[in-house]
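Colleague: I should like to go through the terms applied to this model. Please set each value against its definition.

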Amino acid sequence: MDRNNLDRESSPYLLQHRDNPVHWQAWGPEALAHAKAENKPVLLSVGYAACHWCHVMAHESFEDPEVAAVMNELFVNIKVDREERPDIDSIYQAALAMLGQQGGWPLTMFLTADGEPFWGGTYFPTPSRYGRPAFTDVLKGVYETYQTARDKVDQNRTALTDALQRMSVKEAAGDLSPNLGDVAAKALIRQVDFRFGGIGQAPKFPHVPDLELLWRAHLRGLDDDCGRAVLVSAGAMAQGGIYDHLRGGWARYSVDAYWLVPHFEKMLYDNAQLIDLYTMLWQSTRSDLFRQRIAETVGWVFAEMTTADGAFCSSLDADSDDGSGHAEEGAFYVWTVDEIEGLLGDDAAFFKEWYDVTPGGNWEGKTILNRSASGAADEADEQRLAALREVLLTDRAKRPRPGLDDKVLADWNGLMIHALIKAGLAFNESSWIDAGQRAFRWIAETMADGDRLWHSTREGRYVKIAMIDDYAAMARAALALFEATGDSGYLARARAWVATADRHYWDGDQGGYFFTADDAEALIVRTKTAIDNATPSGNAVMVGVLARLYHLTGETAYRDRAEAIARTFAGDVTKNPFAHAVLINNLELLHQAIQVVLIGTRDDDGIHAMLRTVHESCVPNLLLSVIEPGEDLPSGHPASGKTQVDGKPTAYVCEGPVCSLPITVLDQLSDVLSPPTR
């Protein structure tokens with residue numbers, strides 16, 4: 001292993017490092033065995049293709065022959081794409097947190113030859129700066145400790161490994177309170193920045209599950225501040241620099257409190273969750289701004305994030321060539337006043353006023369386009385601005401583009417498919433639904449062996465493992481497609497994937513789903529959590545999937561399993577509800593579903609009109625069934641046995657065991673579905 005072997009990989013992130021003088025190895029038993037044979041510690045470096053600070057550390061250290069020489073002499077060096085192997089990343093991120101350090105990427109961990117962590121960090125500079133030691137000093141210090149003070153290494157190793165093992169052990173804590181959503185919302189509202197929007201202070205992330213939790217509380221009539229918090233935040237994110245005002249799509253987060261300066265990478269999973277959120281908000285508010293942002297972002301996904309097969313790519317890089325051969329963060333997105341004036345001519349003054357363009361710029365002498373201060377324009381001005389944005393977009397397309405990570409991930413695609421289906425239904429955009437169906441079909445047929453999903457693929461090569469997140473997200477997408485089309489094949493697919501998850505991921509002793517399968521590669525620990533990170537927790541999403549399957553089929557085993565997940569993680573949820581917002585939201589679906597039954601044929605104009613009314617209404621706990629006259633619902637369904645009125649398309653809206661009177665008039669259906677607050 002005296003060479004860099006990443007040229008044999010398919011991950012764009014790993015391939016970014018194939019020309020480093022570091023003798024990088026991919027994760028695997030061969031690399032660990034080599035470390036044991038050489039009596040060397042392992043340096044594990046984890047990152048992803050769009051990560052700015054990963055690039056910084058690569059340029060400073062991994063491309064430097066002198067630094068690489070130290071790494072090669074003292075360590076076996078392993079590089080991991082955290083998106084391709086989230087199972088590995090999650091373990092060592094947890095270990096870093098146990099060392100009292102804030103996690104993130106690049107992750108730099110030091111391991112024994114058995115893969116057990118004993119120390120680590122994130123970004124280390126070359127040379128020393130930011131109050132951090134130089135990377136070579138860290139390397140030499142860790143190696144010396146490993147060789148001369150093995151008792152200290154063993155002490156750390158044992159403590160961390162034992163703590164990691166305990167993470168998946170959950171003590172029974174009973175059932176969660178039925179008003180947990182209200183309790184969590186009342187606590188969360190105290191963390192909201194009502195001036196600039198968002199939760200907490202800089203850096204600010206969208207925190208979509210938490211915003212959904214607050215919006216649900218608002219719909220229940222809990223507190224006017226819950227609704228205001230979400231609308232202030234959504235408006236700020238829609239108008240701030242975190243949003244790409246020319247092409248659409250949100251960056252991962254803002255480095256400031258104002259949503260002005262993003263970390264410019266654009267991730268599929270963020271945008272999927274934000275499309276879902278803004279669709280829900282549009283259903284309540286009919287905001288033109290929210291509708292526009294959704295349409296623009298879907299347009300960006302189709303234009304820049306879709307493979308030739310119709311699946312969705314993972315991310316766009318934060319960095320790109322600034323025109324001088326030097327990679328710079330945000331170079332693709334920012335503007336000088338001279339560029340704006342040169343392109344827009346007499347219209348430049350008008351545009352500059354709306355988009356915060358000034359001679360000195362608003363970030364490092366350049367301008368990040370935003371409308372945080374200017375707000376909404378009238379229809380004529382908006383049309384004029386749209387034409388000017390198109391001029392800039394056309395010119396921007398000539399710049400060196402950010403790198404595209406075009407690997408396809410099953411879980412992230414599941415999130416985007418769901419978002420496209422729900423938004424397509426709300427806005428009556430059949431092409432969005434068609435795109436979701438195409439992506440779903442490709443993944444189900446190509447990234448699977450029977451009912452076993454595969455997590456990742458690129459250029460015909462597959463990572464033939466899957467995490468519980470893959471099954472949860474794709475089953476959720478299947479159920480959204482079943483609602484949209486009535487095709488029972490999607491329902492069958494969701495049931496089959498849940499059965500696979502039950503067979504290979506379920507913890508038969510303590511409940512909950514493990515992150516990895518029982519026949520997957522044996523890592524140092526098999527993790528199990530319901531905490532939402534950048535993407536929703538697989539266990540939490542599965543609560544929603546199981547809830548829907550229970551209500552759709554009447555099979556109580558699905559309900560029992562969803563409740564078992566809640567009991568398993570009840571202690572964690574009670575201690576830290578903000579980190580479990582998806583689970584809390586999906587428990588509301590389980591216990592307080594709004595089941596809408598339409599009786600008639602889907603091609604009937606009256607049923608079509610009723611479907612439009614349902615899909616345009618904000619009902620987060622909606623369960624929709626369309627049945628033909630004489631068709632049976634599950635025996636336990638509250639509308640079982642209900643019939644049409646006078647042969648007309650008829651709706652029933654059921655909450656708990658109680659159903660509305662039969663509804664044949666659209667206005668009545670709209671009123672029942674959209675009261676001021678629920």
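Modeller: Let us begin with one residue: asparagine 370 touches Gln239, Gly240, Gly241, His245, Leu260, Trp354, Tyr355, Asp356 and Asn362, leaving aside residues up to four places away in sequence; contact here means heavy atoms within 4.5 Å. The model is predicted, so local features need pLDDT of at least 70 and side-chain atom pairs count only at pLDDT 80 or more, whereas totals for chains, interfaces and linings use all residues. Residues are numbered from 1 along each chain as its sequence is written, and side-chain values use heavy atoms, with hydrogens and water left out.

Colleague: Why does asparagine 370 count as buried?

Modeller: Buried means under 20% relative accessible area, exposed over 50% and partly exposed in between, with a 1.4 Å probe and protein chains only. Asparagine 370 has 5% relative accessibility and therefore counts as buried.

Colleague: What makes the link of cysteine 51 and cysteine 54 a disulfide?

Modeller: A disulfide is a pair of cysteine sulfur atoms within 2.5 Å. The sulfur atoms of cysteine 51 and cysteine 54 are 2.3 Å apart, so they form one. The link is right-handed, with 80° about the S-S bond.

Colleague: How many disulfides does this rule give?

Modeller: The count comes to two. Cysteine 654 and cysteine 659 also form a disulfide, with their sulfur atoms 2.0 Å apart, and 100° about the S-S bond makes that link right-handed.

Colleague: Why is cysteine 226 in no disulfide?

Modeller: The nearest cysteine sulfur, that of cysteine 618, is 14 Å away, and the rule requires a pair within 2.5 Å, so cysteine 226 is left unpaired.
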